[in-house]
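Here is a short tour for anyone about to set up calculations on this model. Please have the structure open beside you as you read.

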Amino acid sequence: FQPAVPMRAAALRSRLPYSRSWVVPTVSRLFNTLSSNQDLAQKRIEVARAKKAAWKRSVLETNKRHLHIKRITEEKEQSTDFQVPALYALKVSVCEELRNELHLSGRERRGRVFIELGSPATRSLKSLKYDIHAFFKALKKSTFVLSACLPEVAEDGSIVVPEDLTNTKMWKIETDEDVNKTFAMADEHFQSAPASLKRPSISLHLAKDPNAPPPPPPPAYLEGMANPAASETMTMLSFYSFPPSGIEDPEDFAMQLRRKWKPFNPLGRIYVAKEGVNAQMSVATNVLENFIDCCRSIPQLGTYMENGVNVDPKPIPVEEFATAGVPINGKPAPPFRNLHIRVRNQIVADGLDKPLDWQSAGYDMPPLEWHEKLKEAKELREQAAGTTADQNKDIPVILDCRNDYETNIGKFDGAEPLETTNFRESWDVLGKRLEDVPKDAPIMTYCTGGIRCVKVGAYLTQELGFTNVSRLAGGIIAYDRTIEEKAADEQPLFRGANMVFDGRLGRQITDDKLGSCATCGGETSLISNCLNDNCHKRMIQCETCRTAFHGTCSDACRQRLVNNGMLSQRLHGDSSQTSVADSSEEKTTPYRTLDEYSTGHSSPAPSLYHEMELNTQSYLPSGSHMVSGFEQGRLLTNLASMTREGRILELGTFTGYATACFLEGAANVASAISLDSAGNQSSGPYVLSLERDQRAFNLAAAHMNVMTEHGTGEAGAEAACSLRASGEADFVETVLEDVVSVVYDNAATCDLLKVSDALATMEEMARGESSQIDQPSPFDLVFVDADKTRLLEYVDACLASDLVLKKGGMIVVDNVLWKGLVLGAAGSSPLLIDGEGSGDAEIKKNRRARRLASKMHRFNSAIAKDPRCEVLLLQVRDGLSMIRKK
Ligand SMILES: C[S@@+](CC[C@H](N)C(=O)[O-])C[C@H]1O[C@@H](n2cnc3c(N)ncnc32)[C@H](O)[C@@H]1O
């Protein structure tokens with residue numbers, strides 16, 4: 001054993017620059033010193049990481065504890081033979097001074113904290129304060145002192161908290177001994193208290209600690225700041241930063257931004273990734289300077305916001321702001337509704353297989369210099385007619401690095417668009433375009449706000465070896481502002497409209513209409529997204545066609561809107577459904593495909609479903625293609641409606657679309673057999689759905705609550721829509737209990753179960769050993785829609801045991817045609833994949849798709865031969881296999 005202090009001193013001595021090794025500065029010693037400094041830095045990073053991990057663990061533990069306590073209270077409240085006081089209830093109130101100083105919200109000022117019998121908080125002041133802090137997060141642990149009294153029970157059985165906190169019955173809790181005494185008194189008081197007091201209780205009063213250090217002064221950027229709500233205008237702005245050491249913990253950084261920006265009430269969309277930050281925002285103009293100062297004070301933004309904050313030259317009056325975006329669902333919309341700070345893998349998805357050095361990306365050319373260079377380039381081009389390539393080498397290559405729908409409505413004179421539909425395609429296009437261009441030739445690049453050109457510049461210099469690359473600083477936005485502010489007598493060399501990434505979509509810079517309407521071919525600069533949300537294609541479309549096609553891109557999409565009965569709702573903002581039979585659309589629009597015809601002659605899905613899809617797109621966009629959707633969803637409802645008892649098991653809930661379809665079907669069964677109470681785990685209509693992803697589970701839980709509280713019609717759709725409109729992303733992030741239970745229409749029960757692996761849970765059920773939920777009695781239908789690599793195991797568990805699926809029951813397996821690739825896997829055609837690219841990432845993705853297609857083919861072949869069942873493989877959506885258990 002060695003004492004800790006000397007050991008620390010020795011370690012420090014060997015690392016500090018003034019240790020003996022520094023006195024004789026030989027090269028090797030200097031090197032040693034440097035490397036030990038690096039060690040020290042590394043150690044610090046490790047300590048910081050360990051602290052963060054410990055903090056995360058403690059948050060998880062606290063959450064777990066809350067849930068545990070909730071369960072105990074519920075169980076105890078239900079059980080009649082409750083004897084032991086397992087929990088103490090502390091009624092906590094916070095003094096006025098602390099409330100104001102810490103800006104406590106209603107829930108944080110007063111509430112109940114439960115303390116378990118025998119837990120450290122019943123013995124030590126520190127633990128008691130810790131537990132109170134765990135419930136009242138806004139309280140700082142050291143800023144309060146405690147006083148206590150015992151609650152009185154009124155004649156009517158209600159619990160009275162003394163009004164007069166200075167009353168003599170109150171005592172201070174200052175030591176561990178006081179804590180012990182207080183809990184002992186609560187026990188004693190409980191013995192003689194009336195039965196309406198369910199457990200030993202203590203009233204606690206929290207007052208400001210007179211010895212607490214004064215709160216830190218507000219940051220300078222908040223001093224004397226105006227009230228953003230009083231601003232008459234809003235200012236659009238954007239910025240990006242690629243800090244050289246990256247962002248260590250993007251989740252944590254995103255939280256920091258939310259906290260620091262709260263006083264400004266900004267709106268916008270911000271992406272945070274390890275590589276940096278990319279923000280498009282609107283901020284009240286009266287606090288714009290304060291907001292910019294705040295951003296500058298954040299080290300990861302500060303000096304790394306290349307070209308500072310790109311501010312739109314014209315603030316928008318608040319009344320105009322409310323309607324400055326492209327209308328959504330036929331209703332006027334602002335450019336941004338909420339503040340969304342999202343963590344992503346990259347702030348601009350580039351598809352490169354390794355990150356480059358974003359600090360070394362060519363010359364960031366100020367807008368006025370860019371303007372002059374373009375004029376020179378124009379002159380050079382005019383003089384160059386009929387001259388040799390060698391004489392033309394000074395003419396710069398001007399590259400527009402945006403996508404085709406952006407360059408089609410506006411670009412700089414003489415610029416060459418890359419004609420990409422996605423930024424990831426740029427690398428191949430650049431390679432081909434610049435194949436024969438000398439490495440020292442001048443190359444000028446630009447994009448909307450400059451961020452894409454950082455990546456293009458890095459690629460051109462580091463990967464393709466060009467030495468004379470420049471990019472327009474701050475992109476077209478900064479150019480537009482600079483010309484307007486500093487060279488108003490000059491004609492802008494950018495013609496047409498600049499597409500921006502907020503609800504306005506396009507900002508007209510000159511009156512030129514360079515785009516041609518995707519529908520009629522006429523001139524236009526209007527850009528929008530197809531109103532059929534299943535398509536949502538970004539398109540250029542003139543005002544006339546926009547009206548004629550009701551904001552959709554084609555006949556097919558317009559027809560979809562009509563079929564879904566949402567046209568009138570979307571265009572006029574009313575909730576009345578268009579009656580398909582009465583609709584003139586139905587009579588006059590010819591059907592171009594059988595698909596369109598079939599959808600056109602099916603009953604529309606209830607309105608809730610569409611909102612569920614939109615919520616999925618909004619909260620879990622990368623998985624939104626997984627939702628079952630209209631055709632398959634309706635089929636699932638019908639199948640569920642035809643089952644004997646309406647008992648359905650779904651593997652892979654995702655956001656609850658198919659779950660809702662099944663619940664609808666189960667309720668149909670209940671009404672067909674005139675059940676007068678809802679089914680449950682043991683008998684009658686019941687849906688059990690298993691999911692492992694917390695965020696998907698939370699959104700599904702919210703959807704199921706909406707469905708059961710408001711139904712699937714207009715009221716349900718409105719409630720589901722408000723999940724999105726509230727902008728409260730937090731509900732998908734919180735940890736819910738692992739089981740969420742709802743009853744629909746008093747006819748069918750649905751349990752959502754959060755599991756770590758649906759297959760393991762199902763195998764437990766097959767053995768009759770379900771650990772998370774009481775063993776449910778067997779199901780009529782099992783929908784297999786979780787991980788696609790273990791389909792045989794899922795189906796086998798259903799076929800092998802009658803505890804999961806009844807004899808004669810049905811297994812439905814999704815995605816069995818795997819985008820048509822099973823044909824290739826069966827050797828019938830080459831394995832072609834739509835839009836097959838040649839980049840490494842694309843090749844990897846395709847390899848995975850092929851591997852899965854082979855697995856799917858093996859599954860289809862095996863199950864078709866299995867004597868325990870009969871199979872019908874339907875070409876619905878991505879292929880549905882209907883497997884009847886014999
Ligand atoms: C295709 S989606 C389900 C779509 C949903 N059934 C619908 O129709 O809307 C697949 C879901 O299964 C979940 N999942 C995948 N593997 C799982 C597993 N082993 N256990 C539980 N859930 C799983 C995924 O998180 C994902 O949400």
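The notes below cover confidence, overall make-up, the ligand surroundings, the sheets and two unusual backbone angles.

Please keep in mind that this is a predicted model. The protein chain has 886 residues, of which 38% count as buried, and it holds 30 helices and 35 strands. Its mean pLDDT is 82.

**Confidence**

- In the protein chain, 83% of the residues reach a pLDDT of 70 or more.
- For the complex, the predictor gives an ipTM of 0.99, alongside a pTM of 0.50.
- Which element has the lowest mean pLDDT, and which the highest? Helix 2 (residues 20-23) is at the bottom with 36, while strand 32 (residues 779-784) is at the top with 98.
- Residues 1-28 stay under 50 in pLDDT, and the model has 15 contacts for them beyond four places in sequence.
- Residues 830-838 also stay under 50, here with eleven contacts beyond four places in sequence.

**Contacts along the chain**

- Take the contacts in the protein chain between residues at least 6 apart in sequence: 68% of them join residues at least 24 apart.

**Around the ligand**

- How many residues surround the ligand? The count is 19, and the closest are S628, G652, A658, A758 and D787.
- Three elements each supply at least two residues of this shell: helix 23 (657-672), strand 29 (686-691) and helix 27 (758-766).
- Sorted by class, the shell has eleven nonpolar residues, six charged ones and two polar ones.

**The five-stranded sheet and its helices**

- Five strands make up an open sheet with mixed pairing, in the order 2-1-7-3-6.
- Strand 2 (110-116) and strand 6 (171-173) each have a single partner strand, so one side of each is left without a neighbour in the sheet.
- From one strand to the next, the twist of this sheet averages 35°.
- Inside the sheet, six bridges join strand 3 (residues 144-149) to strand 7 (residues 201-208) in the antiparallel sense. For a concrete pair to look at, F144 has K208 in strand 7 as its bridge partner.
- Helix 6 (residues 125-135) lies across strand 1 (87-94), strand 2 and strand 6, and runs at about 130° to strand 2.
- Helix 7 (residues 176-192) lies across strand 1, strand 3, strand 6 and strand 7, with an angle of about 125° to strand 6.

**The three-stranded sheet**

- Three strands form an open antiparallel sheet in the order 18-22-23.
- Its edges are strand 18 (410-412) and strand 23 (506-508), each of which pairs on one side only.
- The twist here averages 40° from one strand to the next.
- Strand 18 and strand 22 (residues 494-499) run antiparallel and are joined by three bridges. Across this pairing, K411 stands opposite R495 in strand 22.

**Strand 32 and its partners**

- Is strand 32 mostly covered or mostly open? Strand 32 is mostly covered, with six of its six residues buried.
- Strand 28 (residues 647-651) pairs with strand 32 in the parallel sense over four bridges, and L649 stands opposite V782 in strand 32.
- Strand 33 (residues 805-814) is also a parallel partner of strand 32, over five bridges. In this pairing V782 stands opposite I811 in strand 33.
- V782 is thus a handy residue to centre on, facing L649 and I811.

**Two positive phi angles**

- As background, most residues other than glycine have a negative phi.
- D745 has a phi near 55°, a positive value in a residue other than glycine. D745 sits in the loop between strand 30 (739-744) and strand 31 (748-754).
- Why does D745 count as partly exposed? D745 has 18 other C-beta atoms within 10 Å, and a residue needs 20 or more to count as buried, or 12 or fewer to count as exposed.
- W818 has a phi near 40°, again positive in a residue other than glycine. W818 belongs to the loop between strand 33 and helix 29 (822-825).
- W818 is buried, because 23 other C-beta atoms lie within 10 Å.

Notes
Residues numbered from 1 in each chain as written. Predicted model: local features only at pLDDT ≥ 70, side-chain atom pairs only at ≥ 80, totals over all residues. Pairing = 2+ DSSP bridges. Axes fitted to C-alpha atoms, helices over the stretch in contact; angles between N-to-C directions. Contact = placed C-beta atoms within 7 Å. Near = placed C-beta within 6 Å. Nonpolar A, V, L, I, M, F, W, Y, C, P; charged D, E, K, R; others polar. pLDDT = per-residue confidence, 0-100.
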